[in-house]
Amino acid sequence: MKIKEVSEKYNIPADTLRYWERVGAIPRVNRDEAGYRDYDKES
């Protein structure tokens with residue numbers, strides 16, 4: 001699932017998810033070959 005899908009599913013702005021990852025509030029998310037965040041069920 002891409003960041004936009006997670007953002008819409010949980011009603012959290014994508015920028016907030018990026019910030020939380022950057023400051024360590026949530027673990028780093030795996031990225032696909034193009035460098036896009038690729039959230040799985042565990043993420």
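## Exposure and the residue Tyr-19

A residue counts as buried when its relative accessible area is under 20%, as exposed when that area is over 50%, and as partly exposed in between. In this predicted model, Tyr-19 has a relative accessible area of 43% and is therefore partly exposed. Tyr-19 is located in helix H2, which covers residues 14-23.

Tyr-19 also takes part in a feature of the surface. Together with Trp-20 and Val-23, Tyr-19 makes a nonpolar surface patch of about 290 Å². Membership of such a patch requires over 30% relative accessible area, and the 43% of Tyr-19 satisfies that condition.

## Overall form

The protein contains two helices and zero strands. Its C-alpha trace spans about 25 × 20 × 20 Å along the principal axes. Of its 43 residues, 23% count as buried.

The accessible surface of the protein amounts to about 3,600 Å², and carbon and sulfur atoms account for 48% of this area. Contacts can also be described by the distance along the chain between the two partners. Among contacts with a separation of 6 or more, 27% are formed by residues 24 or more positions apart.

## The nonpolar core

The largest nonpolar core consists of six residues, namely Ile-3, Val-6, Ala-14, Leu-17, Val-29 and Tyr-39. Helix H1, residues 3-10, and helix H2 each contribute at least two residues to this core.

Val-29 is one of the core residues. When its neighbours within four places in sequence are left aside, Val-29 is in contact with Glu-21, Arg-37, Asp-38, Tyr-39 and Ser-43. One of these partners, Tyr-39, is itself listed in the core.

## The loop between the helices

Asn-11 lies in the loop between H1 and H2. With a relative accessibility of 71%, Asn-11 is classed as exposed, because the class begins over 50%.

The backbone of this residue deserves attention. Most residues other than glycine have a negative phi. Asn-11, although not a glycine, has a positive phi of about 55 degrees.

## Asp-15 in helix H2

Asp-15 is found in helix H2. Is Asp-15 buried or exposed? Its relative accessible area is 57%, so Asp-15 is exposed.

The side chain of Asp-15 forms a polar contact of 2.8 Å with the side chain of Arg-18. A second arginine, Arg-31, is 16 residues away from Asp-15 along the chain, and the C-alpha atoms of the two are separated by 16 Å.

## The segment after helix H2

Gly-24 belongs to the segment after H2. Its relative accessibility is 54%, and Gly-24 therefore counts as exposed. Gly-24 and Ser-7 are separated by 17 residues in sequence and, from C-alpha to C-alpha, by 18 Å in space.

Asp-32 is likewise found in the segment after H2. Which residues does Asp-32 contact, leaving aside its neighbours within four places in sequence? The partners are Lys-2 and Asp-38. With Lys-2, the side chain of Asp-32 makes a side-chain polar contact of 2.8 Å. Asp-38, the other partner of Asp-32, also appears among the contacts of the core residue Val-29.

Conventions
Residues numbered from 1 in each chain as written. Predicted model: local features only at pLDDT ≥ 70, side-chain atom pairs only at ≥ 80, totals over all residues. Heavy atoms only, no water. Patch = residues over 30% accessible without salt bridge, like charges linked within 9 Å, V, L, I, M, F, W, Y side chains within 5 Å. Areas by Shrake-Rupley, 256 points an atom, 1.4 Å probe, with all protein chains shown as cover. Salt bridge = Lys/Arg side-chain N within 4 Å of Asp/Glu carboxyl O. Helix = DSSP H or I, 4+ residues; strand = E, 2+ residues; numbered from the N terminus. Buried < 20%, exposed > 50% of the residue type's maximum accessible area, 1.4 Å probe, protein only. Core = buried A, V, L, I, M, F, W, Y, C linked by side-chain atoms within 4.5 Å. Contact = heavy atoms within 4.5 Å. Polar contact = N/O pair within 3.5 Å; in protein donor to acceptor, adjacent residues only side chain to side chain.
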